[in-house]
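The following exercises are to be worked through with the sequence and the coordinates at hand. Each task is followed by a solution in steps.

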Amino acid sequence: MQIRNLVAIMAVSAMALAGCQTTGSSGGSSGPVSASVPKTVSQRSASEQRLGDENHPKIVARYGGVYKNARLTNYVDDLGRRIARVSEQPNAKWTFTVLDTPTVNAFALPGGYVYVTRGLVALAEDEAELAGVIGHEIGHVTAGHSALRQERGTVAGVGLLLGAIGLSVLGVDGGAAQGLLQLGQAAAGGVLANYSRSDELDADNLGIRYLARAGYDPYAQADFLDSLGAASKLDAKIAGRGYNANSVDFFASHPANAPRTRRAIQIAQQNGLAVQVGANRNEKRFLQMVDGIAYGDSEEQGFVRGRTFSHPKLRFTFQAPQGFAITNSANAVTANGPQNARFILDGGKDDGGSLTNYIQRTWVPGIAKETRVGRLGGLQRTRINGLEAARAVMPVEVQGRTFDALLVAVRLNGTIYRMTGLAPRGSRLLPSMEEASRTFRRLSAADAGRLKGKRIDVVTVQRGQTVASLARRMNVDQFPEERFRVLNGLAPNDTLKTGQRVKIIR
């Protein structure tokens, strides 16, 4: 979580955002594979380029900023340009950015702006796998998908308006999102203009062709999807929920799966594409680049440790309610609980004045503009661990359902932090959210200094070392061996070889 100028973030033009979001896609489905060569455009329009230029800095701010590792960012930029040179727009402007977020995802903006997250880079096994992801995003640009989806982006602008006044649906699984209102978070999440399934399949096919043209093994694209599927299943296991590919950021927005991608490569090969199986995987070079990069949350965004969130830069900490799982994003911390309950923390600039007035005259009226609300009750000034605060409760109606909303505002270091508890009427979960809000406190300099992030450490397998022995060196809370295998693309029965280079979390 990073506190930013939320109004500026919300000013992102939804028309400009062209992420890999699809309508009715499914990471687990297999569907037909097209043998036709997708149509591409060799030149971008001036308006398309302008949209990308204007919105690039806003998107970077929304997604945690550019990852501050010159070696890695220069490497990704060089790799992206290598792929772009074999595309239909070799001489156009291209910008390749590594975003400082542990989320595994990739997307593109009009005008040749391609983004990969450091979480995605950490999961890849070699240069060819990363090149496959970048090639897919380049395919969206060269196919002109961005310009064709501008009208959809206008519709997505409605979501921006809701977020600007303090309402948004953020990070909620498909079915729950339809009936769940989340208050207190102004974020640009979910406004990436939708691509159709056909667009996504075209981008897959183009990415395969670009890999082959650049001399990489196109099968690396499918290998990455295998690793991502294994990582997503493990995350679901750790969270104690069933695995659903449609709830995974990358699979929800990229309809391809590994078997279908391998079939698409075979069809392309049968139609004359020169495929060099195993060519230029460049594992050694790639591992040199990822050695030492941040893994998971960073000091800039704060750390999730079980139910506790702590931010060493902003100097605060709090604990989510019992039974809730925390998700940290660039602008908010969301804890998902039973019965679709949510506990959300975000913040914005403190303009002074009474916090009860802030709740009553700013926060609540904004909510009431967009949904039916009941009478505000329990409004009172209070103190939370020595900090000035105010709280209130009120019912809100969403999709015909009534939710009880807890609104808590706390003042700290020039920022108003807002904690919103949202519980279905009759769930009896609001008291636990009230208790959680009272765990918010200032972090001492000593406590903040003890908070350190995790990093990827690339090591050489020594004689006698096994998956189990190296997994014991992993700085993770649970499932170390499973995490080790996922991080290194190892199947359940794969063994290690002396001299092999592998990633561990330190």
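The exercises below concern a predicted model and treat a sheet, helix packing, a hairpin and individual residues.

**Exercise 1. The open sheet**

Determine the strand order of the sheet formed by E2, E3 and E4, and identify the strands at its edges.

Solution.
1. The three strands are arranged in the order E2-E4-E3, and they form an open sheet with mixed pairing.
2. Strand E2 (95–99) and strand E3 (106–109) are the edge strands; each has a single partner strand, so one side of each lacks a neighbour in the sheet.
3. From one strand to the next, the twist averages 20°.
4. E2 pairs with strand E4 (residues 113–117) in the parallel sense over five bridges. In this pairing, Leu 99 stands opposite Thr 117 of E4.
5. Helix H2 (residues 46–62) packs on the sheet and touches E2, E3 and E4, its direction making about 25° with that of E4.
6. Helix H3 (residues 70–84) also packs on the sheet, touching E2 and E4; the direction of H3 makes about 140° with that of E2.

**Exercise 2. Two packings of helix H9**

Classify the packing of H9 against H5 and against H12, and state the handedness of each crossing.

Solution.
1. Helix H5 (residues 127–142) and helix H9 (residues 197–213) pack at an angle of about 125°, and their axes are 7 Å apart.
2. An angle between 115 and 145 degrees falls in the oblique class; H5 and H9 are therefore oblique to each other.
3. The crossing of H5 and H9 is right-handed. Among the contacting residues are Ala 128, Gly 132, Gly 135 and Gly 139 of H5, and Ala 203, Gly 207 and Tyr 210 of H9.
4. For H9 and helix H12 (residues 258–270), the axes come within 10 Å and cross at roughly 60°. H9 is therefore oblique to H12.
5. H9 and H12 also make a right-handed crossing. Here Arg 197, Leu 201, Asn 205, Ile 208 and Arg 209 of H9 meet Arg 260, Thr 261, Ala 264, Ile 265 and Ala 268 of H12.

**Exercise 3. A hairpin and its covered face**

Describe how E12 and E13 are joined and paired, and assign the residues of E12 to its two faces.

Solution.
1. Four residues form the hairpin connection from E12 to E13.
2. Strand E12 (residues 325–328) has Ile 326 and Asn 328 on its covered face, whereas Ala 325 and Thr 327 lie on the uncovered one.
3. E12 and strand E13 (residues 333–336) are antiparallel, with four bridges between them. Val 333 of E13 is the bridge partner of Asn 328.

**Exercise 4. Individual residues**

Is Arg 342 buried or exposed, and which residues other than glycine, Asn 282 and Arg 315 among them, have positive phi?

Solution.
1. Arg 342 belongs to strand E14 (residues 342–349). Its relative accessible area is 6%; because this is under 20%, Arg 342 is buried.
2. The side chain of Arg 342 makes a polar contact of 2.7 Å with the side chain of Asn 336.
3. Asn 282 has a positive phi of about 50° and is found in the loop between H12 and helix H13 (283–290). Its relative accessibility of 30% makes Asn 282 partly exposed.
4. Arg 315 has a positive phi near 65° and is found in the loop between strand E10 (308–311) and strand E11 (316–319). At 29% relative accessibility, Arg 315 is likewise partly exposed.

Key
Residues are numbered from 1 along each chain as its sequence is written. This is a predicted model: local features need pLDDT of at least 70, side-chain atom pairs count only at pLDDT 80 or more; totals for chains, interfaces and linings use all residues. Side-chain values use heavy atoms; hydrogens and water are left out. Buried means under 20% relative accessible area, exposed over 50%, partly exposed in between (1.4 Å probe, protein chains only). Two strands pair if DSSP finds at least two bridges between them. A polar contact is a pair of N or O atoms within 3.5 Å; within protein, one must be able to donate a hydrogen and the other to accept it, and residues adjacent in sequence count only if both atoms are side-chain atoms. Axes are lines fitted to C-alpha atoms, for helices over the stretch in contact, and angles run from 0 to 180 degrees between N-to-C directions. Angles under 35 degrees count as roughly parallel, over 145 as roughly antiparallel, 65 to 115 as roughly perpendicular and the rest as oblique. A crossing is left-handed if the near helix is turned anticlockwise from the far one by less than a right angle, and right-handed if clockwise. Contact means heavy atoms within 4.5 Å.
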